[in-house]
Amino acid sequence: MDKKTYYVDKKSTEYLVTIGISPKLSGFEYLKHAISLVVAEPRILDNVTKRLYPKVAEIMQTKVPAIERSMRHAIEGAYASKGLLGLNDIYGCVLYKGDRKPTNSELIALLAEKIEFDVEKLMKS
């Protein structure tokens, strides 16, 4: 595993826990894989249902509806427990006020973007 892959995996885990998503949930692993795929290929977010979910399903050897549903369930749990307010800690500013639940693709995009920024900073140092 190269340095970038290791860092993306580490930060994905850290950030998902920070926003209140339990590592015990299958949605946690699916979100981690989705974030890694988006960091590697940002354009995959252009078509989440036709490209991202099928790729995660292939990696995890399951069906696409299970991927989407498990991610949504994990995000709903974090939303209900106010864990998503942890996005503000991750970004260091008020980004999320808790007024609505982000979609799967919105959350994946937010975390992937932050991780990509962190990786660029790490690689320069």
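1. Let's start with one residue. Isoleucine 19 touches Ala78, Gly83, Leu84, Gly86, Leu87, Ile90, Leu107 and Leu111, leaving aside residues up to four places away in sequence. Keep in mind as you look around that this is a predicted model.

2. Now for the wider setting of that residue. The largest nonpolar core has 35 residues, and Ile19, Ile21, Leu52 and Leu111 are the ones that touch the most other members. Six elements give two or more residues each to this core: α1 (3-18), α2 (26-40), α3 (48-60), α4 (64-80), α5 (86-91) and α6 (104-124). The largest share comes from α2, with 8 residues. As background, nonpolar side chains tend to be buried together in soluble globular proteins.

3. Since α2 gives the largest share of the core, have a look at how it packs. In general, you describe two packed helices by the angle between their axes and the distance between those axes. For α2 and α3, the axes come within 10 Å and cross at roughly 120°. An angle like that makes α2 oblique to α3, and α2 passes α3 in a right-handed crossing.

4. Which residues of α2 and α3 make the contact? On the α2 side you'll find Glu29, Tyr30, His33, Ala34, Leu37 and Val38, while α3 brings Leu52, Lys55, Val56, Ile59 and Met60. Sorted by class, that contact of α2 with α3 has 8 nonpolar, 1 polar and 2 charged residues. Leu52 may ring a bell: it is among the core residues that touch the most other members.

5. Next, the pairing of α2 with α6. Here the axes come within 9 Å and cross at roughly 55°, so α2 and α6 are oblique to each other. This crossing is right-handed.

6. As for who meets whom, Leu31, Ala34, Ile35, Val38 and Val39 in α2 meet Ile108, Leu111, Ala112, Ile115 and Glu116 in α6. The class count for this contact of α2 with α6 is 9 nonpolar, no polar and 1 charged. Leu111 turns up here, and it is also one of the residues that isoleucine 19 touches.

7. One last residue to click on: glycine 77, which lies in helix α4. Is glycine 77 buried, partly exposed or exposed? Its relative accessibility is 37%, so glycine 77 counts as partly exposed. For a sense of distance, try tyrosine 91: its C-alpha atom and that of glycine 77 are separated by 21 Å, with the two residues 14 apart along the chain.

Methods. Residues numbered from 1 in each chain as written. Predicted model: local features only at pLDDT ≥ 70, side-chain atom pairs only at ≥ 80, totals over all residues. Heavy atoms only, no water. Core = buried A, V, L, I, M, F, W, Y, C linked by side-chain atoms within 4.5 Å. Buried < 20%, exposed > 50% of the residue type's maximum accessible area, 1.4 Å probe, protein only. Helix = DSSP H or I, 4+ residues; strand = E, 2+ residues; numbered from the N terminus. Contact = heavy atoms within 4.5 Å. Axes fitted to C-alpha atoms, helices over the stretch in contact; angles between N-to-C directions. Parallel < 35°, antiparallel > 145°, perpendicular 65-115°, else oblique. Left-handed = near helix turned anticlockwise from the far one by under 90°. Nonpolar A, V, L, I, M, F, W, Y, C, P; charged D, E, K, R; others polar.
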